[in-house]
Amino acid sequence: MPKVTEEYIQNKKKRIIDAAYQSCLKKPISTVTMQDIIDQSGLSQGGIYRFYKDLDEVFGDMIENMREEGSIKKELDEILQHDDRSVRQTVEDLFELLSEFMEENLMTIEKIDFEFSMMAMNYPKRVEKIMNCVEGEGNTEYLVRSVLSYFEIQKEKGNISEQVDILELCAYISSVYSGIQMECILFHCYRNDKNPFGSYFQPARQMKQLCRYVISVLETADM
């Protein structure tokens, strides 16, 4: 019997998680079954269970792969670690990056992320099991930690008003970002032309408004 190489194993796993990803684009993640992945990958049931013990383990590797391929950590570092930029410019660049990411990935990574959050509300233990298979930080966790640190440093330097509650502001940004993500995905999935707010459910438009609000709250010294 020929020896199974690590490259062979990784290639097979990649084929399986790619099939899981494509299945999640076609239907809500909570309704995806192992049979969907079998059909999408062209592998047999035994061919998949040879590498994964269950569907949730497949999802764990799929999410980890999404984090790697959709990472914006490097771009975030480049924005937040520029000492020659004003706080206003940094915030504008930050929201431009987030806007572009959401625009480009609204019906792919962002859709799956949103549906995964909904699944966590209904099946918390299952989602906890899936996330136990995932290593490292995702964009959201890294973003919150990095932005929080940046704002705290700028506040110490006197570039942000002493009255600003940094934790409260970061919590607000996170909540509004999630709301923008949800509304834009729902509108694009279930477009209702009679909705008077339809033209406003565009990531770039919504993120621009959020950016303006954040800048007005920070009241940077160089404004």
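Leaving aside its neighbours within four places in sequence, Asp-56 makes contact with Arg-126, Lys-129 and Ile-130. The model in which these contacts are found is a predicted one. Asp-56 belongs to helix H4, which covers residues 55-69, and its relative accessible area of 8% places Asp-56 among the buried residues, for which the limit is under 20%.

From this residue the description moves to helix H9. H9 runs over residues 139-156, a total of 18 residues, and its first and last C-alpha atoms are 26 Å apart, close to the 26 Å expected at 1.5 Å a residue. The buried residues of H9 are Asn-139, Tyr-142, Leu-143, Ser-146, Val-147, Leu-148, Tyr-150, Phe-151, Gln-154 and Lys-155. A general property of helices is useful when reading such a list: an α-helix has 3.6 residues a turn, so residues three or four places apart point the same way. The buried residues of H9 pack against four helices, namely H5 (73-80), H6 (87-105), H10 (166-189) and H11 (203-218).

Ser-146 is a polar member of this helix that merits a separate description. Ser-146 is found in H9 and is buried, with a relative accessible area of 13%. Its side chain reaches the backbone oxygen of Tyr-142 at a distance of 2.8 Å. Just after H9, the backbone at Gly-158 adopts a positive phi of about 85°.

Helix H10 follows. At its start, a side-chain oxygen of Asp-165 comes to within 3.2 Å of the backbone nitrogen of Leu-167. H10 has 24 residues, which should span 34 Å at 1.5 Å a residue, and the end C-alpha atoms are indeed 34 Å apart, in agreement with that value. Buried in H10 are Ile-166, Leu-169, Cys-170, Ile-173, Tyr-177, Ile-180, Gln-181, Cys-184, Ile-185 and Phe-187. These buried residues pack against H6, helix H7 (109-122), H9 and H11. H9 and H10 are thus partners in packing, since H10 appears among the helices that the buried residues of H9 pack against.

The nonpolar interior may be considered next. In soluble globular proteins, nonpolar side chains tend to be buried together. In this model the largest nonpolar core has 63 residues, of which Ile-37, Met-62, Val-91, Phe-95, Phe-151, Val-214 and Leu-218 touch the most other members. For Val-214, the contacts beyond four places in sequence are with Val-91, Phe-95, Phe-151, Leu-169 and Ile-173. Of these, Phe-151 is one of the buried residues of H9, while Leu-169 and Ile-173 are listed among those of H10.

Aromatic residues provide a further view of the packing. How many aromatic pairs does a search of the whole structure find? The search finds three. In one of them, the rings of Tyr-150 and Phe-151 have centres 5.9 Å apart and planes at 50°, so the pair is tilted. Both residues are buried: Tyr-150 has a relative accessible area of 7%, and Phe-151 is at 2%. Another pair is formed by Tyr-172 and Tyr-213, with ring centres 5.1 Å apart and planes at 50°, so this pair is also tilted. Because Tyr-172 lies in helix H10 and Tyr-213 in helix H11, the pair ties together parts that are 41 residues apart in sequence. Tyr-172 is partly exposed at 37% relative accessibility, and Tyr-213 is likewise partly exposed at 39%.

Helix H11 also contains Gln-206, which is partly exposed, with a relative accessible area of 26%. Beyond four places in sequence, Gln-206 touches Ile-180 and Tyr-200. Its side chain reaches the backbone oxygen of Tyr-200 at 2.8 Å. The C-alpha atom of Gln-206 is separated by 33 Å from that of Asn-132, a residue 74 places away along the chain.

The cysteines complete the account. A disulfide is a covalent bond between the sulfur atoms of two cysteines. The count of disulfides here is zero. Why does Cys-211 have no such bond? The closest cysteine sulfur, in Cys-170, is 14 Å from the sulfur of Cys-211, which is too far for a bond. Cys-211 is buried, with a relative accessible area of 9%, and Cys-24 counts as buried at 0% relative accessibility.

Notes. Residues are numbered from 1 along each chain as its sequence is written. This is a predicted model: local features need pLDDT of at least 70, side-chain atom pairs count only at pLDDT 80 or more; totals for chains, interfaces and linings use all residues. Side-chain values use heavy atoms; hydrogens and water are left out. Helices (H or I, at least four residues) and strands (E, at least two) are DSSP runs, numbered from the N terminus. The expected span of a helix is 1.5 Å times one less than its number of residues. Buried means under 20% relative accessible area, exposed over 50%, partly exposed in between (1.4 Å probe, protein chains only). Contact means heavy atoms within 4.5 Å. A polar contact is a pair of N or O atoms within 3.5 Å; within protein, one must be able to donate a hydrogen and the other to accept it, and residues adjacent in sequence count only if both atoms are side-chain atoms. A nonpolar core is a set of buried Ala, Val, Leu, Ile, Met, Phe, Trp, Tyr and Cys residues joined through side-chain atoms within 4.5 Å. A disulfide is a pair of cysteine sulfur atoms within 2.5 Å. Rings of Phe, Tyr and Trp (its six-membered ring) pair if their centres lie within 6.5 Å; planes under 30 degrees apart count as stacked, over 60 as edge-to-face and the rest as tilted.
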